[in-house]
Amino acid sequence: MPSSMKARLDALTAEVLARIQAAETAAALELIEQTDLARKGELLGLMRGIKDLPPEDRAAFGQSVNQAKTSLEAAVAEAKQAFTTAAVVAATSDACFDPTEPGGSLPGGHLHPVTQVRREIEQIFMSLGFSVVDGPEMETEEFNFDLLNIPAHHPARDLQDTMWLEGGRVMRTHTSPVQLRAMREAGGKVPVRVIAPGRVFRNEQPDATHEHTFHQIEGLMLDEGVSVADLKGVLRLVLSRIFGGSVEVRLRPHYFPFVEPGFELDMRRTGSDGEWLEILGCGMVHPEVLRAGGLDPDVVSGFAFGMGLDRLTMMRFGIEDVRWMMSGDPRFLTQF
Ligand code: PHE
């Protein structure tokens with residue numbers, strides 16, 4: 001091998017090594033990597049001279065360059081490690097710090113009680129052939145009110161109750177607009193069997209029983225010949241499963257613009273003569289709403305309901321103040 005190239009390689013290796021040893025910061029080492037040891041650096045540049053060597057010398061020279069590169073890279077890595085170690089030592093030289101002490105484990109989180117109950121209810125409805133669907137939290141006035149047969153002068157549209165956004169949009173005040181979305185999604189076909197859990201928003205000053213943001217589960221079952229008996233049967237079954245054991249339900253007439261007839265549903269444990277608890281609003285989907293959803297009310301009928309998920313969760317766990325639900329307070333959350 002021509003000694004001049006070998007000599008250049010040795011000299012260069014020694015120079016770079018000296019620079020590595022003289023480096024005072026990790027950044028300086030990185031600079032060496034990016035220049036001296038880079039593909040375009042002088043060291044690897046020597047490779048380009050290989051073609052001028054006699055063929056029998058080429059392999060050996062290539063190997064020498066590679067060895068030099070590997071050993072210099074190792075030197076950089078070692079020097080870097082020394083800086084890291086020095087930094088750790090500096091940071092931990094505090095006499096109270098014992099690096100051999102076993103680490104603590106992070107406390108594991110769990111699902112919010114509302115999520116737990118929501119998932120349970122979803123499972124119950126899925127076992128009955130319902131699917132779980134979703135709708136936007138920011139709705140149009142049309143979907144939140146008009147298509148649900150809520151007239152323009154209805155108090156529900158009041159500024160007092162509704163958080164209005166720009167451009168005729170609202171934060172949905174209930175999950176009922178998903179009824180329309182589901183009907184249209186089904187393209188005029190039945191059966192439709194869906195539930196739509198989600199957040200809803202009202203312009204309320206929070207107190208123990210009111211929040212500006214809470215959760216509902218909307219339900220919709222449409223087919224030919226669905227009756228109030230189906231409504232009562234399905235909801236009784238579902239509530240029995242939610243509360244464990246058998247419950248009885250009763251319907252009280254109530255006005256909701258998008259159902260006819262409309263009811264409030266109360267429940268209590270079968271056989272108890274205790275108080276009836278008001279659980280949800282429901283009714284037979286109004287013909288106007290069916291039409292808005294692209295269905296013929298002379299052929300198709302069905303029921304809809306909307307239950308307050310926070311309220312159910314509170315009953316289930318004996319929680320007294322709805323404001324806890326949105327608080328994110330670990331003193332509350334860790335109890336469930
Ligand atoms: N959307 C009604 C509410 O928020 C509840 C409801 C849903 C009533 C479906 C009847 C049918 O109060």
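Analyst: A molecule counts as sitting in a pocket if more than half of its atoms lie within 2 Å of the grid points of that pocket. The model discussed here is predicted.

User: Where does the ligand sit by that criterion?

Analyst: The ligand sits in the largest pocket, so more than half of its atoms must lie within 2 Å of the grid points of that pocket.

User: What makes a residue part of the surroundings of the ligand, and which residues come nearest?

Analyst: A residue is near the ligand if one of its heavy atoms lies within 4 Å of it. There are 14 residues around the ligand, and H174, S176, R202, Q216 and G306 come nearest.

User: Why is the approach of the H174 side chain to the ligand called a polar contact?

Analyst: The cut-off for a pair of N or O atoms is 3.5 Å. A nitrogen atom of the ligand is 2.9 Å from an N or O atom in the side chain of H174, and this value lies within the cut-off, so the pair is a polar contact.

User: How do you know that the side chains of R202 and Q216 qualify as well?

Analyst: For R202, an N or O atom of the side chain is 3.2 Å from an oxygen atom of the ligand, and for Q216 the corresponding distance to a ligand oxygen atom is 3.0 Å. Both values fall within 3.5 Å, and therefore each pair is a polar contact. As for cover, the ligand has 320 Å² of accessible area on its own, of which the protein covers 89%.

User: Which strands supply the shell around the ligand, and how do its residues divide by type?

Analyst: At least two residues of the shell come from each of β5 (213–223), β8 (277–285) and β9 (301–308), and β9 gives the most, with 3 residues. By type, the shell divides into 6 nonpolar, 6 polar and 2 charged residues.

User: What makes the peptide bond from V190 to P191 cis, and where does P191 lie?

Analyst: Omega for the bond from V190 to P191 is near 0°, and P191 lies in the loop between α7 (177–185) and β4 (192–201). A cis peptide bond also joins E260 and P261, with omega about -5°, and P261 is placed in strand β7 (residues 259–269).

Note on methods:
Residues numbered from 1 in each chain as written. Predicted model: local features only at pLDDT ≥ 70, side-chain atom pairs only at ≥ 80, totals over all residues. Heavy atoms only, no water. Polar contact = N/O pair within 3.5 Å; in protein donor to acceptor, adjacent residues only side chain to side chain. Areas by Shrake-Rupley, 256 points an atom, 1.4 Å probe, with all protein chains shown as cover. 1 Å grid on protein atoms, 1.4 Å probe; cavity = no way out; pocket = protein on both sides within 12 Å on 5 of 7 lines; lining within 4 Å. Helix = DSSP H or I, 4+ residues; strand = E, 2+ residues; numbered from the N terminus. Nonpolar A, V, L, I, M, F, W, Y, C, P; charged D, E, K, R; others polar.
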